[in-house]
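Here is a short tour for someone meeting this structure for the first time. Keep the sequence and the 3D view open while you read.

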Amino acid sequence: MSRATERPQAVEPRLHAVVYTLVACAAVVALVALISALHRPPASVGDVVTTATVVVMVALAAVIKTPVRIRSTTLATAWVETAIVVGLAVAPSPRVILATGLGVACGSVTRLPAIKTAFGIAKHTLVAGGAAAVIALMGHRWPPREPLSIVVLLAIVYLVAALLDDVLAIPVIALASGTPISRQFRNNLDLRIAGFGVRFVVAACILLILRADPRLLLAVPPLVLSLHLAYSARIRRRTEQQAWQRLARTTDALNVVDLGQVLTTAITQAAELFSADEVEIELGKGDRTVRGGTGGITYDGTAPEPSAVDGVVIPVALEGHDHADDLGVLRLRFAGAVRLSEREQYTLCTFASALCTSIRNAQAYAELARIAEEHAYAATHDALTGLSNRRHLLDEGTEQLTTRHAEGVTALVLIDLNHFKEVNDTLGHGAGDRVLMQVADRLRGAARPDDLVARLGGDEFAVLLRGLPAPAVAAHRADKLLAALHEPLDLDGMRISIEASGGIAVAPAGGGMPELLRRADVAMYQAKRAGQRISTYAPTRDTADLGRLTLGGELPRAVADHEFTVNFQPIVDLGSGEVIGAEALARWHHPTHGMIDPLRFLEAVERSGLLPAFAEAILDQALIAAGTWRDAGFDLPVSVNVSPRSLLDARFPGAVLARLRAHDLPPDRLMLELTETLTLSQLDVVDRVLSRLRDSGVRLALDDFGTGYSSLSLLSRIPVHELKIDRSFVTAMESAAESAAVIRSTLDLGRSLDLIVVAEGVESEPQRRALWELGCAAGQGHLFARPLPAGSLLAALQRGAGGRPGALAAPLHDAGAVIRLPGRRSGGRGRAATAASTADEPRRY
């Protein structure tokens, strides 16, 4: 058995070394044979003819072969060893060795490169030398006379020749094809054994024929040719069968959904399937290029990079059976000249179509996976800010509390932006969204990598603090988070300060994440009610109940059914005891729960969309009461507390003036009380709203003066008519010098600015007298009257005190010592309320 090669390109250095070694060994064998042949020259013309016949027979055996391509190398199964064995039967061994080398050279020199011709000559020369050595070692007469001896001895010689042919050829083939020697030895082993057997039978028949009648040798060539054609056809069928099996396995291997795995499988399998030196897949127009061979991927990227294999390139478009898609191109690269057979071309088209389908499936799956990932991300993150949402916070917090107790203390900070609805209502939701995004960025920047920042909805944010060394650290971390929101935000060139309230809750021993979130919520609203920036959850102050939650759902019905009513607390001249005005205070007369305190529903009203309707209802009732009192002879102004959110509504002044016209009341009969807040002093829209109201004659008061962040800056910004001293200073004035100093400075400020000053929370006669002596002319509180319905207050005014209608207390001085404030309110200065609480409560509308 022999193999010829057709590979014009220089082989690897190791392959060169092997070939050169074989050539050197063959040269030694040929030299020994030549010396032996010179000692025994041909004795007759017949000997010369016999030697020439062996040369021709070897040359023909080298030409008649079955080709098998490996990469750019074509391997062929030939009949040279059969010619060698037959030649050894008819001619001396030295002559056969020399004739073998000469015959292989004649059959190969015009068709193969020099190095491959040298390899073929050397290999077959060594095979002939090995077979001759076996004959010499057996010591029998060759060829034997008996048929049985012919078969036995021929089998031994032929087996040695066949094994020697494989031993010499297989390592070289393995090096050339890049496959392991053991694997190359197993490839087509059954066909090689069958081929050896057939050629052995042919060789035995030839020897038997020559023994019987040398003239029958003329029948040998047709027989050999027929056997060769049959064997070649069988090899081709086997090769094609194996190729289709590999194609089937390859297409099955391509049936995966990961694009990277598809490309890797396609590269390695195509390199083996088509015996290519390199396979390249280019997706799109250079979007991605993957290159490699049987050993794996050697390049994967988008930047153009030339291939290391410089030779023949066979491209095929990746467009599928329908030719509708142009996914890219598949390229087979060969180091030498290669021409694919018709079967290989069809296999390549089939493989390219299967690869196209696999790529489309993988890309579709990747797109579905991307969409699923986006949906999963969207399900756990806020679309506007990119922060985690409530669901993700609950999931992460639950996992933290259930599986990571040893990692430290877990706490939750809940942050709510104060008066954010005014930004949406006044500047639009687009501006509000930009504010939320800036707040999210600041919280994200202030948080640590292990913290989870979430937006729970609206203007409410949360930060899950994980791995704290101690519970006390939570307050420090929360303070840093709130401090990040202190600097004004830049919104379309306008600087806006955002106030926020925060609640801190440390993870409880039981209850899980929902309970932690509830506690943080309770703490946050404790901070709001106390006017603090941050509050830590305290169980003793946890007054949350389901009743407050259910009331929020009943607000629309309450507004529609006019369940909100107004009580009035009179404002009294401290010196004379006469009523000079009244403050409207809202109440909810619930059909089931009775009278509900404002503290339980005002916050829900402010956070809902019902504030305009609620404010209008309270304003209507206040103006109706003022008209009733005027008709009865008591022309008292009425005060109405205004929500800061109403002041951010440009429509608010028009609504107020429309209600005044509807009830035929002069604008100066209405006093709007404003609450101190940074938002009021920072937004230009508030200035425009208040200026329109003031220019229309509506009077303004600053409520709870001295308790806010910017009392003096508000006075310089907002032109009010009245200041109201917070009840906390009045209560503590007798025992705390600081409170008395605040009251005294407020009165001095009022006199210097020509403002009326009203003291809230007057509970006793000593407080009344002390205030009056300090120069405070007006006050309100339980000393004079608790909040009363409009009719009850009118009856009290009609009854009077000490027989004086319109008075609720005895005077502090004689008639000649009466001290009047500038612009006495009895003639019509007043105040009104959009929503309120009792005078002893910290927050009123």
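## A proline in a loop

P180 sits in the loop that links α6 (147-177) and α7 (181-186). The model is predicted, so its residues are described here with that in mind. With a relative accessible area of 45%, P180 is partly exposed. That value falls between the cut-offs of 20% for buried and 50% for exposed.

P180 can also be placed relative to I170. The two residues are 10 apart along the chain. Their C-alpha atoms are separated by 9.8 Å.

## A nonpolar patch on the surface

Next comes a patch on the surface. Four residues, L31, L34, I35 and L38, make a nonpolar surface patch of about 390 Å².

Take I35 as the example. I35 belongs to helix α1, which covers residues 13-39. Is I35 buried, partly exposed or exposed? I35 is partly exposed, at a relative accessible area of 44%. Patch residues need over 30% relative accessible area, and I35 has 44%.

## A buried isoleucine in α3

I84 is part of helix α3. Its relative accessible area is 0%, so I84 is buried. The cut-off for buried is under 20%.

Which C-alpha distance separates I84 from V58? It is 7.0 Å. Along the chain, I84 and V58 are 26 residues apart.

## How α3 meets its partners

Helix α3 spans residues 80-90, and helix α5 spans residues 114-138. The two pack at an angle of about 40°. Their axes are 10 Å apart. Angles under 35 degrees count as roughly parallel, and 65 to 115 as roughly perpendicular. The angle of α3 and α5 fits neither class, so the two helices are oblique to each other. The crossing of α3 past α5 is right-handed.

Helix α4, residues 93-108, also meets α3. The axes of α3 and α4 come within 9 Å. They cross at roughly 150°. Angles over 145 degrees count as roughly antiparallel, and α3 and α4 are therefore roughly antiparallel to each other. This crossing of α3 and α4 is right-handed.

## Another helix pair: α20 and α22

Further along the chain, helix α20 covers residues 611-631 and helix α22 covers residues 652-662. Their axes come within 10 Å. They cross at roughly 30°.

How are α20 and α22 oriented to each other? The limit for roughly parallel is under 35 degrees, and α20 and α22 are therefore roughly parallel. The crossing of α20 and α22 is right-handed.

## Two positive phi angles

H562 is not a glycine, yet its phi is positive, at about 55°. H562 is found in the loop between α18 (555-560) and β15 (564-573). Is H562 buried or exposed? H562 is exposed, with a relative accessible area of 66%. The cut-off for exposed is over 50%.

D754 is a residue other than glycine with a positive phi, near 60°. D754 lies in the loop between α27 (737-752) and β22 (756-760). At 58% relative accessibility, D754 counts as exposed.

Conventions. Residues are numbered from 1 along each chain as its sequence is written. This is a predicted model: local features need pLDDT of at least 70, side-chain atom pairs count only at pLDDT 80 or more; totals for chains, interfaces and linings use all residues. Side-chain values use heavy atoms; hydrogens and water are left out. Patches are made of residues with over 30% relative accessible area and no salt bridge: like charges are joined within 9 Å, nonpolar side chains (Val, Leu, Ile, Met, Phe, Trp, Tyr) within 5 Å. Accessible areas come from the Shrake-Rupley method with a 1.4 Å probe; for residues, only the protein chains shown count as cover. A salt bridge is a side-chain nitrogen of Lys or Arg within 4 Å of a carboxyl oxygen of Asp or Glu. Helices (H or I, at least four residues) and strands (E, at least two) are DSSP runs, numbered from the N terminus. Buried means under 20% relative accessible area, exposed over 50%, partly exposed in between (1.4 Å probe, protein chains only). Axes are lines fitted to C-alpha atoms, for helices over the stretch in contact, and angles run from 0 to 180 degrees between N-to-C directions. A crossing is left-handed if the near helix is turned anticlockwise from the far one by less than a right angle, and right-handed if clockwise.
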